[in-house]
Amino acid sequence: MTTVATLLAGCTGGTSGGANQPVTGLRLMAPAKPGGGWHQSAQAMQDVLLKEKLATGAQVFNVEGAGGVTGLKQMAGEKDDKLLMIMGQVMVGGILNAKSDKTLKDTTPIAKLTGEALVIVVPAAQTEINLQDFLTTWKQDPKGTVITGGSAGGADQILAGLVADEVGIDPGQVNYVANSGGGEAVAKLLSGEVKAGISGVSEFSEHVKSGKLRAIAVSGDKRSTLLPDTKTLKEQGVPISYLNWRGVVARPGLSDGAKQTLVDMVTKMRNSEAWKQTLKAKDWEDAWATGADFAKFIDEDEARVKKMLAEIGGIK
């Protein structure tokens, strides 16, 4: 069975109107440990919002646990109109995996921001030096070939299952070890505790460039500018194209005026030259959608993720 997941829709929306006053007291929640993609996204937003004077005193903080569900539950009870939570497909999968009583319907969608290819890496000291070597080892011993990445039910686990299914490995045999932050995955890779890791390109690229990890494939339609020598899965005979996405949501029950203030702020950030440079530097794709377009995308993506997790045995 060939399953090709394309998760970036060509959505547009939002408005750039509203007052020119910066948002004061803004907080940005990254619902995971430091070091991962959500934390990187929060910091990138903080940098650009402050640089462009779109917000003052923008604070980034972390709430870790359960694929973002711990942070989601906190957000669902918030009363602060000036709080944004970074989220994305990993949280969609985390909600399904945890069978959470709180879902993204308990938030106010603000904007879908970015898409990012994933990269498959192995420790540099490992004997498997390319994708085919790794796949051979994996096929010989699926259970013994431990793969690590982000939260259970998230994009990293989905990609592992899709690749396994494509190359003839029972996805139910995939031995996947989840983590709450990117730093934990790197530690497991460097210690030799696991055979391979999957994460966003920007999360692993510096460790690849330093020689600690070896990148063996990226999941996008084209090679990453951060790792230009690493071939895509498609280039290496595995016909899968897969992108993770991230966005921001606010508390439930937000008034129309408070919602528009946040949408306007994030729209101006997205349209700024500083944000365009951030996308280029991190090799993130612009995946813009706001308002009803973003809410519709979340519903559609939940159905896609639920289907994919069911196919690869990722929902317990």
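**The cavities of this model**

Me: How do the residues lining the second largest cavity divide into nonpolar, polar and charged?
Reply: That lining has 10 nonpolar residues, no polar ones and no charged ones. Nonpolar here covers Ala, Val, Leu, Ile, Met, Phe, Trp, Tyr, Cys and Pro; Asp, Glu, Lys and Arg are charged, and the others, Gly among them, polar. The model is predicted, with local features needing pLDDT of at least 70 and side-chain atom pairs 80 or more, while totals for chains, interfaces and linings use all residues. Numbering runs from 1 along each chain as its sequence is written, and side-chain values use heavy atoms, leaving out hydrogens and water.

Me: Which residues line the second largest cavity?
Reply: Ile120, Leu131, Phe134, Leu135, Trp138, Ile147, Ala160, Val163, Ala196 and Ile198 do. A cavity is a set of points on a 1 Å grid over the protein atoms alone where a 1.4 Å probe fits but cannot get out, and lining residues have an atom within 4 Å of a point.

Me: Which element gives the largest share there?
Reply: H4, with four residues. Helices (H or I, at least four residues) and strands (E, at least two) are DSSP runs, numbered from the N terminus. Helix H4 (131-140), helix H5 (155-167) and S9 each supply at least two lining residues.

Me: What's its volume?
Reply: About 50 Å³, counted as the space filled by probe spheres set on the points, which are joined across faces, edges and corners.

Me: And how much space lies in the largest cavity?
Reply: About 260 Å³. Its lining has 25 residues, with Gly36, Gly37, Gly150, Asp156 and Glu203 nearest the centre. They divide into eight nonpolar, 14 polar and three charged.

Me: Where does the largest share of that lining come from?
Reply: From S9, with three residues.

Key:
On a 1 Å grid over the protein atoms alone, a cavity is a set of points where a 1.4 Å probe fits but cannot get out, and a pocket is an open set with protein on both sides within 12 Å along at least five of seven lines; lining residues have an atom within 4 Å of a point.
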